[in-house]
Amino acid sequence: MILTPKILARLIAVVVLGVILQLSFFSQVAVFHISPDLLPALVVSLGLLGGTMTGAVSGFAVGFLLDCLLVAPLGGGSLVLLVTGYLAGLVRERFEIRSPLVAPLSCMVLTFFVELGFGAVQLMLGGNSNVSSAVVGDLLAQSVFAFFLGWPIYLGLRRLLRPALIEDQALRRPPRATVLGA
Amino acid sequence: MYRKQVRRRRAVLALLVIGSFVLLTITYGQGSNGIQRGVSTIFSPVQSVASGALKPARDTVNWFDKTFDARGRNSRLHSELEASRRQSVGAAAAMAENAQLRKLLGLHRSGAIPSGYEPVTGEVIARSPTVWYADVTIDVGSGDGVAVNDPVVNGDGLVGAVSAVTGGSAQVELIADGSSAVAAKVVPLGVQGVIKPEVGDPGDLTLDFIDSARDIHRGQVVVTAGWRAQGLASHFPPNLAIGEVTRASPRELEAIGQVHVRPFADLRNLDLVQVLTGGSRG
């Protein structure tokens, strides 16, 4: 990703808007008793578009802002989401993304990973409650939501960040040669 | 050139991971800190505006969800309504008797809000997105008199307790959060225990460490115990409604001293809550 001040401003706006939208809307609606989680899909999409660095840094930023606004211990969300962004970036750097299903599938798989990660962080912080078997259903349902959320998020971000995307620039048609005097 | 890039990338990643662990180590167990207070001060108004603006959209989505849910519940609620009608007649008589007794004893308690507490109404402006944490953020904070450990209720019953505050907002740890534990008792038996959540299922709480010899059965109401001993006291005042016993299998009761409780408050759909401020804090 080619980072210019304009692209950086767009990335910051995306992160802030994403977190606000998650906390004010998605976390407070229930679809089949589950609140969809937009943020893993957002971080994964940024990683898929920008690579490991963009994924990790945006994951860290999203997690940090989330922890700040939820007045939760800082660092937990950042850690989980930065690893997620990095993994999404690895997918972009190691494989050629040709199929349109790669983005939503990555969002689905990595959302499951994020939720497990949050569970691990809670265990690390000393949570010692029983875990209901219903949690497995919730995790799977959130992953399915991420599949459907990931698609528009990825396409929207791709459009928004198009000037900074390296392969899009490479694919752009070179200027047509003109014959002088013809 | 490529190697240099890879090295730089790894260094940034390592820095971020170490930074996360350092933040976690420094801020764990502190409640709110300066950074969070600053960020919260900046974003609280934005969140309030966004929450207000998105309320119609939220209500629409939730209406669809509730409509689907309501279809299944309709028949069950009809039978529950009949039972409730019978109970309400008895309860009305009991309330009248209770009011007279209270007058006689000179107790000036309303029953809904324990005496000595000042309710502060707040709106839920944010909610933790992950299934592991059951926390919500409300739009009242220390500026409104809210303090850490203040009990939080809604019209149905106990919701949780304040776990961190900033000037204009507070984080409420719901009773369905993995780290929540509330001293409770079953009425009218008076059997005491600790209400703990089943992570991932906010509609199912467990009442642990109870005296298995007593006859606990489905439908009995669970309220806060509000104990006080040797200078220590529960954060929750006594007799705040928590929920009702939904499952009390003799085997489970005998083996692990545990019954299942459904909270009265719908913890997935919280909108307005009341923080009980000013009570005796631990």
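What follows is a short walk through some helices of chain A and some strands of chain B in a predicted model.

Chain A comes first here, beginning with helix 1, which covers residues 5–24. Its length checks out: at 1.5 Å a residue, the 20 residues should span 28 Å, and the end C-alpha atoms do sit 28 Å apart. Part of this helix is tucked away, with Leu11(A), Val14(A), Val15(A), Gly18(A), Val19(A), Ile20(A), Gln22(A), Leu23(A) and Ser24(A) as its buried residues.

Then there is the meeting of helix 2 (residues 38–50) and helix 4 (residues 76–94) of chain A, whose axes come within 7 Å and cross at roughly 40 degrees. Angles from 65 to 115 degrees count as roughly perpendicular and those under 35 as roughly parallel, so helix 2 of chain A is oblique to helix 4 of chain A. The crossing of these two helices is right-handed. On the helix 2 side, the residues in contact include Leu39(A), Pro40(A), Val43(A) and Val44(A); on the helix 4 side, Leu81(A), Thr84(A), Gly85(A) and Tyr86(A) are among them.

Over in chain B, strand 2 (residues 135–138) is covered on both faces. Asp135(B) and Thr137(B) are buried on one side, and Val136(B) and Ile138(B) are buried on the other. That fits the usual pattern, since side chains in a regular strand alternate between the two faces of the sheet.

Strand 2 of chain B also has partners. It pairs with strand 1 (residues 118–127) of chain B in the antiparallel sense, over three bridges, and here Val136(B) has Arg127(B) opposite. Four bridges link strand 2 of chain B to strand 5 (residues 170–174) of chain B, again antiparallel, with Glu173(B) standing opposite Asp135(B).

Methods:
Residues are numbered from 1 along each chain as its sequence is written. Chains are lettered from A and ligands numbered from 1 in the order in which they are written. This is a predicted model: local features need pLDDT of at least 70, side-chain atom pairs count only at pLDDT 80 or more; totals for chains, interfaces and linings use all residues. The expected span of a helix is 1.5 Å times one less than its number of residues. A residue is buried if 20 or more other C-beta atoms lie within 10 Å of its own, exposed if 12 or fewer, and partly exposed in between; C-beta atoms are placed from the backbone. Two strands pair if DSSP finds at least two bridges between them. Axes are lines fitted to C-alpha atoms, for helices over the stretch in contact, and angles run from 0 to 180 degrees between N-to-C directions. Angles under 35 degrees count as roughly parallel, over 145 as roughly antiparallel, 65 to 115 as roughly perpendicular and the rest as oblique. A crossing is left-handed if the near helix is turned anticlockwise from the far one by less than a right angle, and right-handed if clockwise. Two residues are in contact if their C-beta atoms, placed from the backbone, lie within 7 Å.
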